[in-house]
Amino acid sequence: MAESKKKLTYEECRLKRIEENKKRWQELKLTMLAEDVHNATSPKPSPMKKVKPTVRQEVDRSAVRRSIRVADKPPPNYKEILIEPLGRPRSYKRKDLLNRVYAADEDRQYAIGRAEQLQSEFDADFPSFVKPMLQSHVTGGFWLGLPVYFCKTHLPKHDEYVTLVDENGDEFQTKYLALKTGLSGGWRGFALDHELVDGDALVFQLVAPTRFKVYITRVNQAED
């Protein structure tokens, strides 16, 4: 009897394991089936489309007219036109900056001494100063800085046109910049017209609030 009960117990355990294995197998099959269904129903990523590069065609803008009122008129010309400052119709050739000639120190001092001697003969009622010429004054930038003390004492406190009168009575209008105490527009024309070079010395005599009489002593010229 005991052996029969033991056999039944073993048989029950075996059947119980079989049932458990069946349940696990069913669960596994359900899981795999669910994954297959999910993969079948999921949208597949679409491949990247190749975009053809667009070629922009050049458009003749001069032929495009936005208004019928100007359709029969010639196309506008937007090319920049350089205008000589201060309205003096002159044409100058730019000096070769690579072939600059520098004055010797003794020649420079000699020209300054002659200019100071000329200045000493002026009427004291008209203030004056001597300005030796450097390369930056007569080539390249053509900027002429004036003595600061003279400008603060005798010249306008704001930008103004200043007239330079040479020894022949010819007049040159220049632009005086009060903040920078110097001559800009128009000075280039004066320097090129009088063929100023490095080492020349100029005497500026203020004969009116915005009018200078200018005397030139040449660095390469013997005393008259």
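Here are some questions and answers about this predicted model.

Q: How many helices and strands does the secondary structure of the protein come to?
A: Let's start with the overall layout. From the N terminus on, the elements run α-α-β-α-β-α-β-β-β-α-β-β. The secondary structure comes to five helices and seven strands.

Q: What mean pLDDT does the protein have?
A: Before looking at details, it helps to know how confident the predictor is. Of the residues, 64% reach a pLDDT of 70 or more. The mean pLDDT of the protein is 77.

Q: Over which residues does pLDDT stay under 50?
A: Where pLDDT is low, the predicted coordinates should not be read in detail. The model does have 23 contacts beyond four places in sequence for the stretch in question, but its pLDDT stays under 50. That stretch is residues 78-95.

Q: Which strands are the edge strands of the sheet?
A: Seven strands form an open sheet with mixed pairing, in the order E1-E6-E7-E3-E4-E5-E2. An edge strand here pairs on one side only. The two that do so are strand E1 (128-132) and strand E2 (144-145).

Q: Which residue in E7 does Leu164 stand opposite?
A: Strands of a sheet pair through backbone hydrogen bonds, either parallel or antiparallel. Strand E3 (residues 160-165) and strand E7 (residues 211-217) run parallel and are joined by three bridges. In E7, the residue opposite Leu164 is Phe212.

Q: Which residue in the turn between E3 and E4 has a positive phi of about 90 degrees?
A: E3 and E4 run antiparallel, with six bridges joining them, and Val162 stands opposite Thr174 in E4. The two strands form a hairpin with five residues between them. The turn residue with the positive phi is Gly169.

Q: What is the bridge partner of Leu177 in E5?
A: E4 and E5 run antiparallel and are joined by two bridges. Their hairpin has four residues between the strands. In E5, Leu177 has as its bridge partner Gly182.

Q: Is Thr181 buried or exposed?
A: Thr181 sits in the loop between E4 and strand E5 (182-183). Its phi is near 50 degrees, a positive value in a residue other than glycine. Buried means under 20% relative accessible area. At 7% relative accessibility, Thr181 therefore counts as buried.

Q: Where is Phe142 found?
A: Phe142 has a phi near 50 degrees, which is positive although the residue is not glycine. With a relative accessible area of 6%, Phe142 is buried. Its place is the loop between helix H3 (135-138) and E2.

Q: How many residues apart in sequence are the parts that Asp198 and Arg108 tie together?
A: The count of salt bridges comes to three, and one of them joins the side chains of Asp198 and Arg108 at 2.8 Å, N to O. Asp198 lies in the loop between helix H5 (187-193) and strand E6 (201-208), while Arg108 is in helix H2 (residues 105-119), so the pair ties together parts that are 90 residues apart in sequence. Asp198 and Arg108 are both buried. The separation asked for is 90 residues.

Q: Are Glu171 and Arg211 buried or partly exposed?
A: The side chains of Glu171 and Arg211 meet in a salt bridge of 2.4 Å, N to O. This pair links distant parts of the chain, with Glu171 in strand E4 (residues 171-177) and Arg211 in strand E7, 40 residues apart. The relative accessible area is 41% for Glu171 and 30% for Arg211. Glu171 counts as partly exposed, and Arg211 also counts as partly exposed.

Q: Which residue forms a salt bridge with Arg218?
A: The closest N and O atoms of this pair are 3.4 Å apart. Arg218 lies in the segment after E7 and its partner in the loop between H5 and E6, so the pair ties together parts that are 18 residues apart in sequence. At 0% relative accessibility, the partner counts as buried. The partner is Asp200.

Q: Which residues make the nonpolar surface patch of about 340 Å²?
A: One member, Leu28, is found in helix H1 (residues 2-41). Leu28 is partly exposed, with a relative accessible area of 42%. The patch is made by Trp25, Leu28 and Met32.

Q: What area does the protein expose?
A: Of the 224 residues, 29% count as buried. Carbon and sulfur atoms supply 55% of the exposed area. The area exposed is about 17700 Å².

Conventions:
Residues numbered from 1 in each chain as written. Predicted model: local features only at pLDDT ≥ 70, side-chain atom pairs only at ≥ 80, totals over all residues. Heavy atoms only, no water. Pairing = 2+ DSSP bridges. Salt bridge = Lys/Arg side-chain N within 4 Å of Asp/Glu carboxyl O. Buried < 20%, exposed > 50% of the residue type's maximum accessible area, 1.4 Å probe, protein only. Areas by Shrake-Rupley, 256 points an atom, 1.4 Å probe, with all protein chains shown as cover. pLDDT = per-residue confidence, 0-100. Contact = heavy atoms within 4.5 Å. Patch = residues over 30% accessible without salt bridge, like charges linked within 9 Å, V, L, I, M, F, W, Y side chains within 5 Å.
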